[in-house]
Every structure is written in C-alpha cells, then in structure tokens.
Amino acid sequence: MMTRRMAILNCLAAIGSILVGGPAFAAASRAMRLLDTDNDGTVDLEEAKRAASALFNKLDRDHDGTLDRRELRGRLSATEFASADPDKDGTLSKDEYLKVVESRFKAADPDNDGTLDEKELRSRAGQALLRLLQ
Ligand SMILES: [Ca+2]
Ligand SMILES: [Ca+2]
Ligand SMILES: [Ca+2]
C-alpha cells in the first residue's frame with residue numbers, strides 16, 4: 001500500500017519536473033513525436049505545413065476559412081499579424097498562414113538542409129515555429 005502510494009508520488013514528481021524543469025526540451029521532444037510523421041527523426045516543411053493546416057482548421061471555429069487576430073493570440077504578435085496579412089482585411093487565410101509557417105521554418109533551419117532536428121526545434125526560431133503548429 002505504502003509503496004504504491006510512493007510510486008504514484010514519484011510519478012507525479014516526475015511529471016512535475018518535466019513541466020517545471022525543462023519545458024523547452026520536453027516541448028520539442030513531444031513536438032517531434034507529434035510532427036515527425038515519417039519517423040525519420042526530423043521535421044520537414046511538408047510535415048510542418050500539415051500540422052499547421054490541422055491547427056488552422058481547429059482554430060477556425062466558425063469555419064469561414066480565415067483566422068482573425070483574436071483567434072491567433074499568443075501565436076502571432078500584432079506586428080507579425082499585420083505583416084502576415086498583406087491584403088489588410090484583418091484576417092489570415094490558410095495561404096497567408098502557411099506563408100508565415102514557411103518563413104518561420106526557414107528561420108529555424110540555419111543549416112538549410114530542409115529539415116529541423118531536435119536542436120533546431122529547441123532554438124528560439126524553432127519554438128516560434130512550433131507555436132504555429134500546435
Ligand atoms: Ca520527418
Ligand atoms: Ca488577409
Ligand atoms: Ca536543419
């Protein structure tokens with residue numbers, strides 16, 4: 001009985017340390033498992049766009065095919081939103097959204113090999129990309 005309770009406590013402590021201790025690392029690894037659908041250990045642009053497209057559909061609650069600034073809060077700043085919205089209609093179409101994803105992907109891939117490894121995903125630019133994918 002006692003050991004079982006200890007085991008549960010240890011388990012909770014482990015979860016806590018993941019949440020508190022290494023958020024960036026944990027997020028990247030979880031992201032990698034989620035995004036790397038062909039299991040080659042890296043995220044390519046196609047995988048990133050597929051995830052971004054799924055997130056876009058999920059965020060687009062009224063299904064009008066666009067996201068407004070409120071729907072994208074915490075993912076794009078006001079400035080980023082403005083530059084992602086060249087037609088200035090106050091919303092992002094999926095095309096406009098995927099363009100931002102593509103430019104963040106390129107920014108997160110400094111070695112230009114067309115894929116993001118764990119280290120690149122953990123970088124600042126990688127984290128900025130992840131905010132648009134999950
Ligand atoms: Ca992959
Ligand atoms: Ca627009
Ligand atoms: Ca790379």
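# Calcium sites, core and helix H5

Reader: Is the arrangement of the six donor atoms around the calcium ion (ligand 3) octahedral or irregular?
Author: In this predicted model, those six donor atoms subtend angles of 54 to 154°. Six donors count as octahedral only if opposite ones are over 155 degrees apart and all others lie between 65 and 115. The angles therefore make the arrangement irregular.

Reader: Which residues coordinate the calcium ion (ligand 3)?
Author: The distances run from 2.2 to 2.4 Å. Thr-115 gives its O atom, and Glu-120 is listed with OE twice. Asp donors use OD. The residues are Asp-109, Asp-111, Asp-113, Thr-115 and Glu-120.

Reader: Are Asp-111 and Asp-113 buried, partly exposed or exposed?
Author: Partly exposed covers the range between under 20% and over 50%. Asp-111 has 44% relative accessibility. Asp-113 has 45%. So Asp-111 and Asp-113 count as partly exposed.

Reader: What spacing do the donors of the calcium ion (ligand 2) follow along the chain?
Author: The donor residues are Asp-85, Asp-87, Asp-89, Thr-91 and Glu-96, at 2.3 to 2.9 Å. Their spacing is written with one letter per donor and x for what lies between. It reads D-x1-D-x1-D-x1-T-x4-E.

Reader: Why is the arrangement around the calcium ion (ligand 2) irregular?
Author: The octahedral label needs opposite donors over 155 degrees apart and all other angles between 65 and 115. Here the six donor atoms subtend angles that start below that range. The arrangement is irregular because the angles run from 47 to 156°.

Reader: Which donor of this ion is buried, Asp-87 or Thr-91?
Author: Buried means under 20% relative accessible area. Asp-87 is at 48%, so it counts as partly exposed. At 17%, the buried one is Thr-91.

Reader: Which helix gives the most residues to the largest nonpolar core?
Author: This core has 28 residues, and Val-43, Leu-72, Tyr-97 and Leu-133 have the most contacts inside it. The elements giving two or more residues are H2 (23–35), H3 (45–59), H4 (78–84), H5 (94–107) and H7 (124–130). With six residues, the top contributor is H3.

Reader: Which residues does Tyr-97 contact, leaving aside its neighbours within four places in sequence?
Author: Tyr-97 is among the core residues with the most contacts inside the core. It is also one of the buried residues of H5. Its contacts are Ala-52, Leu-55, Phe-56, Leu-72, Leu-92 and Leu-132.

Reader: How far apart are the end C-alpha atoms of H5?
Author: H5 has 14 residues. At 1.5 Å a residue, the helix should span 20 Å, and the model agrees. The end C-alpha atoms are apart by 20 Å.

Reader: What covers the buried residues of H5?
Author: Those residues are Glu-96, Tyr-97, Leu-98, Val-100, Val-101, Arg-104 and Phe-105. Both helices and strands cover them. The cover includes S1, H3, H4, S3 (91–93), S4 and H7.

Reader: What is phi of Asn-112 near?
Author: Asn-112 lies in the loop between H5 and S4 (115–116). At 65% relative accessibility, Asn-112 counts as exposed. Its phi is positive in a residue other than glycine, near 55°.

Reader: Where is Asn-39, the residue with phi near 55°?
Author: Asn-39 has a positive phi, although it is not glycine. It counts as exposed at 66% relative accessibility. Its place is the loop between H2 and S1 (43–44).

Terms used:
Residues numbered from 1 in each chain as written. Chains lettered and ligands numbered in written order. Predicted model: local features only at pLDDT ≥ 70, side-chain atom pairs only at ≥ 80, totals over all residues. Heavy atoms only, no water. Donors = N, O, S within 2.8 Å, 3.2 Å for Na, K, Ca; no water. Tetrahedral: all angles 85-135°; square planar, octahedral: opposite > 155°, others 65-115°. Buried < 20%, exposed > 50% of the residue type's maximum accessible area, 1.4 Å probe, protein only. Core = buried A, V, L, I, M, F, W, Y, C linked by side-chain atoms within 4.5 Å. Helix = DSSP H or I, 4+ residues; strand = E, 2+ residues; numbered from the N terminus. Contact = heavy atoms within 4.5 Å. Expected span 1.5 Å × (residues − 1).
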